[in-house]
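The following exercises are to be worked through with the sequence and the structure in view. Each task is followed by a solution in steps.

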Amino acid sequence: MLKLGCKIQLKKPCHVGFRQKGRQVLDDRGSPYIPSLVLNTQIFKEASRFAQGVEISPPSCSDALIPEKEKVKIFKIEGKEYFKANLYFELKIEEKDLSIYLAALKSLQNVGFGGDTSKGFGYNKLFIVKSDLSFDILKDKNKAVSIFSPEKDFPPTSFCEAGKVYI
């Protein structure tokens, strides 16, 4: 398994709410986040579009969490809560599927994360800021070089595995 540390920089607010009230899901710190189930589903669905008949293994994602020091903007739009911030998650994939998942991550910048993506919500800039492979090797494997970042500010792995939902 190959681990990629990813940073989602939301350009348009994101919504991962529930029920009719449209309240945002929160982690144990009371901060909005994108649950791993949502990330796994969206990333695998997008990767399947690029697989074109090639069998790929499902990804394993951590929750996409906001570091405590990060400022979060909460918006109330159409009766639902949306948020805007930088989120971090860890993506584990098979190395043989790397090119397909890199294409999917690049595509998800425009498709968006969370709900209401058809209305333009969840549009983002996604960076890979940490990897088991060197950035030179990653760039050679895929033309999606704009998602690689020399940043090294990826939070500890334990942070990315710590999400809890409070309703």
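**Exercise 1. Determine whether Gln52 is buried or exposed, and describe its backbone.**

Step 1. Buried means under 20% relative accessible area, exposed over 50%, and partly exposed in between, with a 1.4 Å probe and protein chains only. Gln52 has a relative accessible area of 68% and is therefore exposed.

Step 2. The model is predicted: local features need pLDDT of at least 70, side-chain atom pairs count only at pLDDT 80 or more, and totals for chains, interfaces and linings use all residues. Residues are numbered from 1 along each chain as its sequence is written, and side-chain values use heavy atoms, with hydrogens and water left out.

Step 3. Helices (H or I, at least four residues) and strands (E, at least two) are DSSP runs, numbered from the N terminus. Gln52 belongs to the loop between helix 1 and strand 4 (60-61).

Step 4. The phi angle of Gln52 is near 45 degrees, a positive value in a residue other than glycine.

**Exercise 2. Where does Glu78 lie, and is this residue buried or exposed?**

Step 1. Glu78 is in the loop between strand 5 (73-77) and strand 6.

Step 2. Its relative accessible area is 58%, so Glu78 is exposed.

Step 3. Glu78 is not a glycine, yet its phi is positive, at about 50 degrees.

**Exercise 3. State how many helices and strands the chain has, and give their order.**

Step 1. The secondary structure comes to 4 helices and 8 strands.

Step 2. Along the sequence, these follow the pattern β-β-β-α-β-β-β-β-α-β-α-α.

Step 3. The chain has 167 residues, of which 49% count as buried.

**Exercise 4. Describe how helix 1 and helix 2 pack.**

Step 1. Two packed helices are described by the angle between their axes and the distance between the axes.

Step 2. Axes are lines fitted to C-alpha atoms, for helices over the stretch in contact, and angles run from 0 to 180 degrees between N-to-C directions. The axes of helix 1 and helix 2 come within 8 Å and cross at roughly 115 degrees.

Step 3. Contact means heavy atoms within 4.5 Å. Among the helix 1 residues that meet helix 2 are Ile43, Glu46, Arg49 and Phe50; the helix 2 residues that meet helix 1 include Tyr101, Ala104, Ser107 and Leu108.

Step 4. Ser107, in helix 2, is buried at 17% relative accessibility. Beyond residues up to four places away in sequence, Ser107 touches Glu46, Arg49 and Phe50.

Step 5. A charge sits over a ring if NZ of Lys or CZ of Arg is within 6 Å of the ring centre and within 35 degrees of the ring normal. Arg49 lies over the face of Phe50, at 5.6 Å from the ring centre.

**Exercise 5. Examine Ile43 and the largest nonpolar core.**

Step 1. A nonpolar core is a set of buried Ala, Val, Leu, Ile, Met, Phe, Trp, Tyr and Cys residues joined through side-chain atoms within 4.5 Å. The largest such core has 37 residues, and Ile43 is one of those that touch the most other members.

Step 2. Helix 2 gives the most to this core, with 7 residues.

Step 3. Ile43 is in helix 1 and, at 0% relative accessibility, counts as buried.

Step 4. Ile43 and Ala104 are 61 residues apart along the chain, and their C-alpha atoms are separated by 6.5 Å. Other residues that Ile43 touches include Pro59, Cys61, Phe89 and Leu91.

**Exercise 6. Which residues form the aromatic pair, and how are their rings arranged?**

Step 1. Rings of Phe, Tyr and Trp (its six-membered ring) pair if their centres lie within 6.5 Å; planes under 30 degrees apart count as stacked, over 60 as edge-to-face and the rest as tilted.

Step 2. The structure holds 1 aromatic pair. Tyr82 and Phe121 form this pair, with 4.3 Å from centre to centre and 35 degrees between the planes, and the arrangement is tilted.

Step 3. The pair links distant parts of the chain, 39 residues apart: Tyr82 is in strand 6 (residues 80-84), and Phe121 is in the loop between helix 2 (98-111) and strand 8 (124-131).

Step 4. Tyr82 is buried at 0% relative accessibility, and Phe121 is buried with a relative accessible area of 12%.

Step 5. Pro13 touches both Tyr82 and Phe121. Pro13 is in the loop between strand 1 and strand 2 (17-18) and is buried, at 11% relative accessibility.
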